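This report goes through local sites, pockets, aromatic pairs and one bent helix. Please keep the sequence and the model in view while reading.

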Amino acid sequence: MYWNRVGVSMELARKWVQALWFFLANGFWGFPVTGNIYQGPLKVICSPGLNCYSCPASTTYCPIGSLQQLLLSVRFALMNGQYFLGTFVVGSMGMLGAVFGRFICGWACPFGFIQELLNKIPSKKYAIPHNLKWLKYGFLLLFVIIFPLVLVDEFGMGLPWFCKYVCPAGTLEAGIPMVLLQPDLRETLGWLYLNKIAILTGFIIWSIISSRPFCRTTCPLGAFYALFSRWQLIKLKFNEDNCTKCGVCHNVCPVEIHYNETPDSNECVNCMRCMTEACQFGAISVEIAGHPLSWSTLNRKEKI
């Protein structure tokens, strides 16, 4: 039917936008010649999605990695009489969260895009237990904020705990490529590298059998953006009066939420599939600064 074809076209357009953001954030293709990461002027720009700073093709910095670098050096700076705290990283993340929220997760995150592609591999699919969603807030609080700030050495310097011990995106985008580009690094590999490879392998397999598991259970950037879900400038808007409670939107959601029951869910990645592939009654729209743009008004009639 016409409505389904339009929904498929919108999903295809979203994939192209994701691919575009992937190549914008990783646009330095001179790394096979230089053998190192990009250090040009664009490196001061905050990537909206999770994209490792040390990826040899990366032209931007990772907001989570940069936040850790900021926090791990706070006590060192204070001990040396440097009484200032940079706010550029936090301000950039806050601005992106306030405007787009988890639209970034659904449209502009390179690692989210990779998980979606992996999930296209034919296999039996499994749901993710709903309570696991709280884990990502723990990773944000502990591994990104508290551990780098509190667990410091004798000089007052902390560690980028999430990047160093957990992040599978960093392993895929930076850890593996840099070892291939710089053979001398292979002599330094040990249990930490093997642990990161194991974590990456686990998420690759999990992404094949479940939809976006890293985003839903572990990603601290997704947890940060989720804090803005109710107040972000651009968001999905639910019109309860138009909802027939048919439940079709439940079947297309990649993060397994029931949008008509929890329209302000922090788990929604704003892929808009519920609006373009499911609802035909104008119950879901995109709201920009309080002004709804209804999808269904573009064509309310089904056509064969």
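## Ser 66 and Asn 266

Ser 66 sits in helix H3. The model is predicted. Ser 66 has 16% relative accessibility, so the residue counts as buried. Leaving aside residues up to four places away in sequence, Ser 66 touches Tyr 61 and Val 89.

Asn 266 lies in a loop, the one between helix H14 (248-252) and helix H15 (273-278). Is Asn 266 buried or exposed? Neither label fits: the relative accessibility is 29%, so Asn 266 counts as partly exposed. The cut-offs are under 20% for buried and over 50% for exposed.

Asn 266 touches Arg 102, Tyr 137, Ala 226 and Ser 229, again not counting residues up to four places away in sequence. Asn 266 and Leu 227 are 39 residues apart in sequence. In space they are 7.1 Å apart, C-alpha to C-alpha.

## Positive phi

Most residues other than glycine have a negative phi. Two residues here go the other way.

Asn 270 is not a glycine, yet has a positive phi of about 55°. Asn 270 is in the loop between H14 and H15. That is also the loop that holds Asn 266. With 5% relative accessibility, Asn 270 counts as buried.

Ala 289 also is not a glycine and has a positive phi of about 55°. Ala 289 is found in the loop between strand S2 (284-288) and strand S3 (291-294). Ala 289 has a relative accessible area of 46%, so this residue is partly exposed.

## Helix H8

Helix H8 spans residues 135-150. Where does H8 bend? The bend is at Leu 142, by about 25°.

The buried residues of H8 are Lys 136, Tyr 137, Phe 139, Leu 140, Phe 143, Val 144 and Pro 148. An α-helix has 3.6 residues a turn, so residues three or four places apart point the same way. Phe 139 and Phe 143 are both on the buried list, and so are Leu 140 and Val 144.

What do these buried residues pack against? Their partners are helix H3 (63-72), helix H9 (161-165), helix H12 (213-217) and helix H13 (220-226). H3 is the helix that holds Ser 66. Tyr 137, one of the buried residues of H8, is also among the contacts of Asn 266.

## Aromatic pairs

The count comes to 18 aromatic pairs. Trp 29 and Phe 31 form one of them, and this pair is tilted. Their ring centres are 5.8 Å apart, with 45° between the planes. Phe 31 has 15% relative accessibility, so Phe 31 counts as buried.

Phe 203 and Phe 214 form an edge-to-face pair, 5.3 Å centre to centre and 90° between the planes. Phe 203 lies in helix H11 and Phe 214 in helix H12, so the pair ties together parts that are eleven residues apart in sequence. Both Phe 203 and Phe 214 are buried.

One aromatic cluster is formed by Phe 139, Phe 143, Phe 147, Trp 161, Phe 162 and Tyr 165. Phe 139 and Phe 143 of this cluster are among the buried residues of H8.

## Pockets

Rolling a probe the size of a water molecule over the atoms shows where empty space is left. Two pockets are set side by side below.

| Pocket | Volume | Nonpolar lining | Polar lining | Charged lining |
|---|---|---|---|---|
| Largest pocket | about 680 Å³ | 15 residues | nine residues | two residues |
| Second largest pocket | about 210 Å³ | two residues | three residues | seven residues |

The largest pocket is lined by 26 residues. Which of them lie nearest its centre? They are Cys 52, Ser 54, Cys 163, Ala 174 and Gly 175. H3, H9, helix H10 (168-181) and helix H11 (191-209) each give two or more residues to this lining. H10 gives the most, with seven residues.

The lining of the second largest pocket includes Glu 11, Arg 14, Lys 15, Glu 116, Lys 120, Arg 212 and Arg 273. Gln 115, Asn 119, Ser 211, Cys 253 and Pro 254 also line this pocket. Helix H1 (2-25) and helix H7 (110-119) each supply at least two residues of that lining.

Conventions
Residues are numbered from 1 along each chain as its sequence is written. This is a predicted model: local features need pLDDT of at least 70, side-chain atom pairs count only at pLDDT 80 or more; totals for chains, interfaces and linings use all residues. Side-chain values use heavy atoms; hydrogens and water are left out. The bend at a residue is the angle between axes fitted to the seven residues ending there and the seven starting there. Helices (H or I, at least four residues) and strands (E, at least two) are DSSP runs, numbered from the N terminus. Buried means under 20% relative accessible area, exposed over 50%, partly exposed in between (1.4 Å probe, protein chains only). Contact means heavy atoms within 4.5 Å. On a 1 Å grid over the protein atoms alone, a cavity is a set of points where a 1.4 Å probe fits but cannot get out, and a pocket is an open set with protein on both sides within 12 Å along at least five of seven lines; lining residues have an atom within 4 Å of a point. Grid points are joined across faces, edges and corners, and a volume is the space filled by probe spheres set on the points. Ala, Val, Leu, Ile, Met, Phe, Trp, Tyr, Cys and Pro count as nonpolar, Asp, Glu, Lys and Arg as charged, and the others, Gly among them, as polar. Rings of Phe, Tyr and Trp (its six-membered ring) pair if their centres lie within 6.5 Å; planes under 30 degrees apart count as stacked, over 60 as edge-to-face and the rest as tilted.
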